[in-house]
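Student: I've just opened this one and don't know where to look. Could you walk me through it?

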Amino acid sequence: MSTGTQAPTPLPLPGAGTDTGWFVYGITSRSVSVPESIRGVDDQPVHLLTYGELAAVASAALLDRPPGRRAEILAYTTVLDTLAEESPVAPVRFGSIFADDQDVVDHLLAPSTDDLATLLADLQGRTQLRLTATYRQEVLLAGLVADDPDIARLRDLTRDAPEEAYHAERVQLGQLVAQAVERIREGDAQELLDTVAPLCVGVAEQPARGLDGLLDAALLVDRSRVETLEDVLEVVAETVHERIELRLVGPMAPYDFVEGEAWG
Amino acid sequence: MTVQSQSRRSGGGYLQRPAPSGLADVIEIILDKGIVVDAYVRVALVGIELLTIDLRIVIASVDTYLRFAEATNRLDLLEHGAGKPLDEFIGSMQESGASKKVSGAVRGAKKALTGGGDDDDDERRSRSSSRRSTRREES
């Protein structure tokens, strides 16, 4: 990530005869101004490559640079999230590198100019937040043991046995627990979504992860309603806190709302 | 990870509002997201899609069932704690770190992504174990 105190050594801008390409972060409108202080991957200055009313947000990167990780991912989101604070920005998939300006136009901006303009108009004044809900696993599992005699029986059978013993019963126990969790999860997730959906322009759910994941959803929200959403979720979080934890991350760039199908 | 430090009541709220800059969050936020250009474009920076697949645990597998069973069987504190007020009970469970062990595989996989020289051991371990998990169909 850019540390900012020293000016970076700018790479040659991509073009014929250079060994650099454009690392593209996202697409925005040409009227957007990029704050001077923003630095992209490899601490490079961020440029706007304009085409009509559109602009690709990009910085120079060596084409043969080694694979990136932490620093690159953070630079990518920092650039996008910072721009998204003020302007509509449509993120481009992390790691997209183009050979030169013409390449950016030919393969990114020109083929879908109208769709991109529409997308940016739709994103105007809106922001993304990410809502995740997680069960307090011990409470969840304790409830299952208390409610389901089969689970309780299998647990008693296998709990103190050596690890090699009762393999089939362990699998069965796990399967029963997984099925029960899935049932509970569906109901809880739907209830949560029903609560937040009226406050959102779009909801994009992805599979909740892990044994205790309940919900993982990106929300596209009018900026003016973010505070209301927080208030509503605070009430929900207080109501369910004994068995569920709610986290709300953002605002951030609309990573989940650039491909159309996620829109409500 | 640092999530627990953001726990309920801090800042007066039950809703956790962590900054979006945590790397684990950030990775989950951007994986598989954004406008995809045609196959011509080099997605050169990371083998990130591969790692995505490994991160997602498939529920319907024997490995997963065994982990559920293990988690259920580890609830020893349950019987002793049943009479306590729920809040206190939850608190003690969290301190015991039980949930950390259970979801260790997931966090380990995340660590593989987040890199960092001091995580090398974790990284190797989580990578070799995550290879066993079933790959996602749609990728």
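Student: In what order do the four strands of the open sheet in chain A run?

Tutor: We're looking at a predicted model, so keep that in mind throughout. The sheet in chain A is open and its pairing is antiparallel. Reading across it, the four strands come in the order 7-8-6-9.

Student: Which strands stand at the edges of that sheet?

Tutor: Look for strands with a single partner, because one side of each is then left without a neighbour in the sheet. From one strand to the next, the twist averages 20°. The two at the edges are strand 7 (202-206) and strand 9 (244-252) of chain A.

Student: How many bridges join strand 6 of chain A to strand 9 of chain A?

Tutor: Strand 6 covers residues 126-135 of chain A, and it runs antiparallel to strand 9 of chain A. One pairing you can find yourself is Gln128(A) with its bridge partner Met252(A) in strand 9. The number of bridges joining strand 6 to strand 9 is seven.

Student: Which helix packs on the sheet?

Tutor: It touches strand 6, strand 8 (213-222) and strand 9 of chain A. Its direction makes about 165° with that of strand 9 of chain A. That's helix 7 (residues 226-240) of chain A.

Student: How do helix 6 of chain A and helix 3 of chain B lie: roughly parallel or roughly perpendicular?

Tutor: Helix 6 spans residues 167-196 of chain A, and its axis comes within 7 Å of the axis of helix 3 of chain B. The two axes cross at roughly 85°. Angles of 65 to 115 degrees count as roughly perpendicular, so helix 6 of chain A and helix 3 of chain B are roughly perpendicular.

Student: How many residues of that contact are nonpolar?

Tutor: From helix 6 of chain A, the residues taking part include Leu173(A) and Val177(A), and from helix 3 of chain B they include Tyr65(B) and Phe68(B). Four residues of the contact are polar and two are charged. The nonpolar ones number nine.

Student: Among the elements of chain B, which has the highest mean pLDDT?

Tutor: Chain B has a mean pLDDT of 51, with 25% of its residues reaching 70 or more. Over residues 77-139 of chain B, pLDDT stays under 50. Helix 6 (residues 98-102) of chain B has the lowest mean pLDDT among the elements of the chain, at 33. The highest, at 85, belongs to helix 3 (residues 62-73) of chain B.

Student: What ipTM does the predictor give the complex?

Tutor: Two scores come with the complex. The pTM is 0.75, and the ipTM is 0.83.

Conventions: Residues are numbered from 1 along each chain as its sequence is written. Chains are lettered from A and ligands numbered from 1 in the order in which they are written. This is a predicted model: local features need pLDDT of at least 70, side-chain atom pairs count only at pLDDT 80 or more; totals for chains, interfaces and linings use all residues. pLDDT is the predictor's confidence in each residue, from 0 to 100. Two residues are in contact if their C-beta atoms, placed from the backbone, lie within 7 Å. Two strands pair if DSSP finds at least two bridges between them. Axes are lines fitted to C-alpha atoms, for helices over the stretch in contact, and angles run from 0 to 180 degrees between N-to-C directions. Angles under 35 degrees count as roughly parallel, over 145 as roughly antiparallel, 65 to 115 as roughly perpendicular and the rest as oblique. Ala, Val, Leu, Ile, Met, Phe, Trp, Tyr, Cys and Pro count as nonpolar, Asp, Glu, Lys and Arg as charged, and the others, Gly among them, as polar.
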